[in-house]
Structures are given as structure tokens and as C-alpha cells.
Amino acid sequence: MNFLKNKPYIIFWIIGIIIFIPFFKHISFDSTIDINVHDTYFVVAHYHLGMIFLIFFVLIGLIYWVLNIFKRKKVNWLTICHIILTIMSTFLLFYSDYLFGSSTFQSNNKYPYFDGLLNSNLIKTLAFLMFGIGQILFFFNILIGILKTDK
């Protein structure tokens, strides 16, 4: 636990590599993730989304590293919550289809093509919410670390 509190930047750098190396090995470069918001579909290639998250992990690690160099104190429970929420949500986002598969239920709908994506969309939505909450905690943790004075 002390490693998580003292050197979270190493965790983000290592987990970023561990999560995304197998990800890039097992996907085809033309696979996409479809995000349905009301009547609009946002289609993003898995490769681009993976690269964005990899760069994001490196930047989070860099921010924690800079705070560590300048000896700024962070709130320990915020750091641990941020690490857990960010890593769990990223893992769920990218690997939910492999872990849970698409839904196997059949409906009597006239157009059943997207019925199997209901559970997948729910899991991905919850993963995005977890990721957002983790980043809000990260922002407050960094703000407290910058503003906190040592006595």
C-alpha cells in the first residue's frame, strides 16, 4: 500500500504498458467502439482510443512524478481511490466485450441487430462514469497537494 501512496506514477506507467500491450496485440486495427448518445452514434477506432488512454496514463504518471519531485503531499485515500477507479474503468472499457461478451438474449423486436449490445453499452457507460469520478478525485488531490503547506 505504501508503494501506491508514495510512487503512484510508477503504477500508472507500468499499468499503462501492461494493459495496452496485449490490447494492441489482440485487436485488429479496423475494429471500432460505437457510443450511442440519443440518436447519434460516435464511432472511434479501438487503436485511437487505446493510444489516447495510453498517453493519458503517461501524463497522469508525469503529474504524480512532478509532485513527488517537488515534495508535495497528496491525500492518500484520494490517491488510492483515483488509481483503483482509473485502472478498473479502463480495464472494463477495453476488455468488457472479451470478459462478458455481448448479451445472448433474443428479443421479439422487428430489428434485433443491436439488442445484444445493451449489456455492453451499460458496462461501458458505467466504466466511463467511474473514469470521470476518478479524474475528479485526481483533480482535487492535485489541487490539495499544490495548495497544502507543510508545517
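In the predicted model, the elements of the protein chain follow the order α-α-β-β-α-α-α from the N terminus. The chain thus described contains five helices and two strands. Of its 151 residues, 35% are buried. Among contacts with a separation of 6 or more, 74% join residues that lie 24 or more positions apart. The surface exposed by the protein chain amounts to about 9,900 Å², and 70% of this area is supplied by carbon and sulfur atoms.

The largest nonpolar core comprises 19 residues, of which F12, F53, Y64, L93 and F94 touch the most other members. Helices α2 (8-26), α3, α4 (76-100) and α5 (118-147) each contribute at least two residues to this core. The largest share, six residues, is provided by α3. In soluble globular proteins, nonpolar side chains tend to be buried together. With residues up to four places away in sequence left out, F12 touches F57, I60, G61, Y64, H82, I83 and T86.

Helix α3 spans residues 46-69. For the 24 residues of α3, a rise of 1.5 Å a residue predicts a span of 34 Å, and the end C-alpha atoms are 34 Å apart, so the expected and modelled spans agree. The buried residues of α3 are H46, L49, G50, F53, F57, I60, G61, Y64 and L67. An α-helix has 3.6 residues a turn, so residues three or four places apart point the same way. A nonpolar surface patch of about 650 Å² is formed by I55, L59, L62, W65, V66, I69 and F70. Of these patch residues, I55 is located in α3.

Two buried positions of α3 were examined further. L49, found in α3, has a relative accessibility of 10% and therefore counts as buried, the limit being under 20%. The C-alpha atoms of L49 and F94 are separated by 9.2 Å, although these residues are 45 residues apart along the chain. L67, also placed in helix α3, has a relative accessible area of 7% and is therefore buried. Outside its sequence neighbours up to four places away, L67 touches R72, K74, I142 and I146. The C-alpha atoms of L67 and Y9 are 9.7 Å from each other, with the two positions 58 residues apart in chain numbering.

The loop between α3 and α4 contains K71. Just after α3, this residue adopts a positive phi of about 55 degrees, although K71 is not a glycine. With a relative accessible area of 63%, K71 is exposed, because the threshold for exposure is over 50%.

In helix α4, two threonines were considered. T79 lies in this helix and is buried, with a relative accessible area of 1%. The C-alpha atoms of T79 and F140 are 9.9 Å apart in space, while the two residues are 61 residues apart in sequence. T86 is likewise part of helix α4, and its relative accessible area of 0% means that T86 is buried. When residues up to four places away in sequence are not counted, the contacts of T86 are F12, F57, F131, G134 and Q135. The contact between T86 and F12 thus also appears among those of F12.

N141 belongs to helix α5. At 0% relative accessibility, N141 counts as buried. Residues up to four places away in sequence being excluded, N141 touches Y64, K74, V75, L78 and T79. Among these partners, T79 lies in helix α4, and Y64 is one of the buried residues of α3. The C-alpha atoms of N141 and K73 are separated by 9.3 Å, whereas the residues are 68 residues apart along the chain.

Key:
Residues are numbered from 1 along each chain as its sequence is written. This is a predicted model: local features need pLDDT of at least 70, side-chain atom pairs count only at pLDDT 80 or more; totals for chains, interfaces and linings use all residues. Side-chain values use heavy atoms; hydrogens and water are left out. Patches are made of residues with over 30% relative accessible area and no salt bridge: like charges are joined within 9 Å, nonpolar side chains (Val, Leu, Ile, Met, Phe, Trp, Tyr) within 5 Å. Accessible areas come from the Shrake-Rupley method with a 1.4 Å probe; for residues, only the protein chains shown count as cover. A salt bridge is a side-chain nitrogen of Lys or Arg within 4 Å of a carboxyl oxygen of Asp or Glu. Helices (H or I, at least four residues) and strands (E, at least two) are DSSP runs, numbered from the N terminus. A nonpolar core is a set of buried Ala, Val, Leu, Ile, Met, Phe, Trp, Tyr and Cys residues joined through side-chain atoms within 4.5 Å. Buried means under 20% relative accessible area, exposed over 50%, partly exposed in between (1.4 Å probe, protein chains only). Contact means heavy atoms within 4.5 Å. The expected span of a helix is 1.5 Å times one less than its number of residues.
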